[in-house]
Amino acid sequence: MNLTEHDTIKYMMRTEKSARDAGLGKYLFCVNKVANKIQIKRAVEVIYNVKVEEVNTVISPGKWRRVGRSEGKKPDWKKAVVTLKSGYKIEQT
């Protein structure tokens, strides 16, 4: 499947843990579920103009939710922890 860079990376996740890891050169992204590590690496390098050293991915299961009597499940989603080469960083606004 051919994904563009902006289709591959949905958004950068900002949590307490990701803010702490940003000092170590690790950034957390929510990515397209069908994207592989090579596509994620290329997308981050093109969008943020940095060099990527390593990409780790996790598919997180969606949670069950209830509204009144009806139950439903949120969709599964994929996150990627991207480690940058030393000397590079992403400016978070």
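This passage walks through the core, an aromatic pair and the main pocket of a predicted model.

A good place to start is the inside of the protein. The largest nonpolar core has 18 residues, and those touching the most other members are Ile 9, Phe 29, Ile 40, Val 44, Val 82, Leu 84 and Ile 90. Two or more residues of this core come from each of strand E1 (9–12), E2, H3, E3 and E6. Ile 90 can serve as an example of how such a residue is surrounded. Beyond its neighbours within four places in sequence, Ile 90 is in contact with Met 12, Tyr 27, Phe 29, Tyr 48, Val 50 and Leu 84.

Two of these contacts of Ile 90, Phe 29 and Tyr 48, meet again in another setting. A search of the whole structure gives 1 aromatic pair. It is formed by Phe 29 and Tyr 48, whose rings are tilted, with 5.7 Å centre to centre and 45° between the planes. The partners sit 19 residues apart, Phe 29 in strand E2 and Tyr 48 in helix H3 (residues 37–48), so that the pair links distant parts of the chain. Phe 29 is buried because its relative accessible area is 0%, under the 20% limit. Tyr 48, at 28% relative accessibility, counts as partly exposed.

Attention can now turn to the largest pocket, which holds about 220 Å³ of space. Its lining has 13 residues, with Lys 17, Asp 21, Leu 28, Lys 79 and Val 81 the closest to the centre. Helix H2 (16–22) and strands E2 (26–31), E3 (52–60) and E6 (77–84) each contribute at least two lining residues. By class, the lining comprises 5 nonpolar, 4 polar and 4 charged residues.

Notes. Residues numbered from 1 in each chain as written. Predicted model: local features only at pLDDT ≥ 70, side-chain atom pairs only at ≥ 80, totals over all residues. Heavy atoms only, no water. 1 Å grid on protein atoms, 1.4 Å probe; cavity = no way out; pocket = protein on both sides within 12 Å on 5 of 7 lines; lining within 4 Å. Points joined across faces, edges and corners; volume = space filled by probe spheres on them. Helix = DSSP H or I, 4+ residues; strand = E, 2+ residues; numbered from the N terminus. Nonpolar A, V, L, I, M, F, W, Y, C, P; charged D, E, K, R; others polar. Phe/Tyr/Trp six-rings, centres within 6.5 Å; stacked < 30°, edge-to-face > 60°. Buried < 20%, exposed > 50% of the residue type's maximum accessible area, 1.4 Å probe, protein only. Core = buried A, V, L, I, M, F, W, Y, C linked by side-chain atoms within 4.5 Å. Contact = heavy atoms within 4.5 Å.
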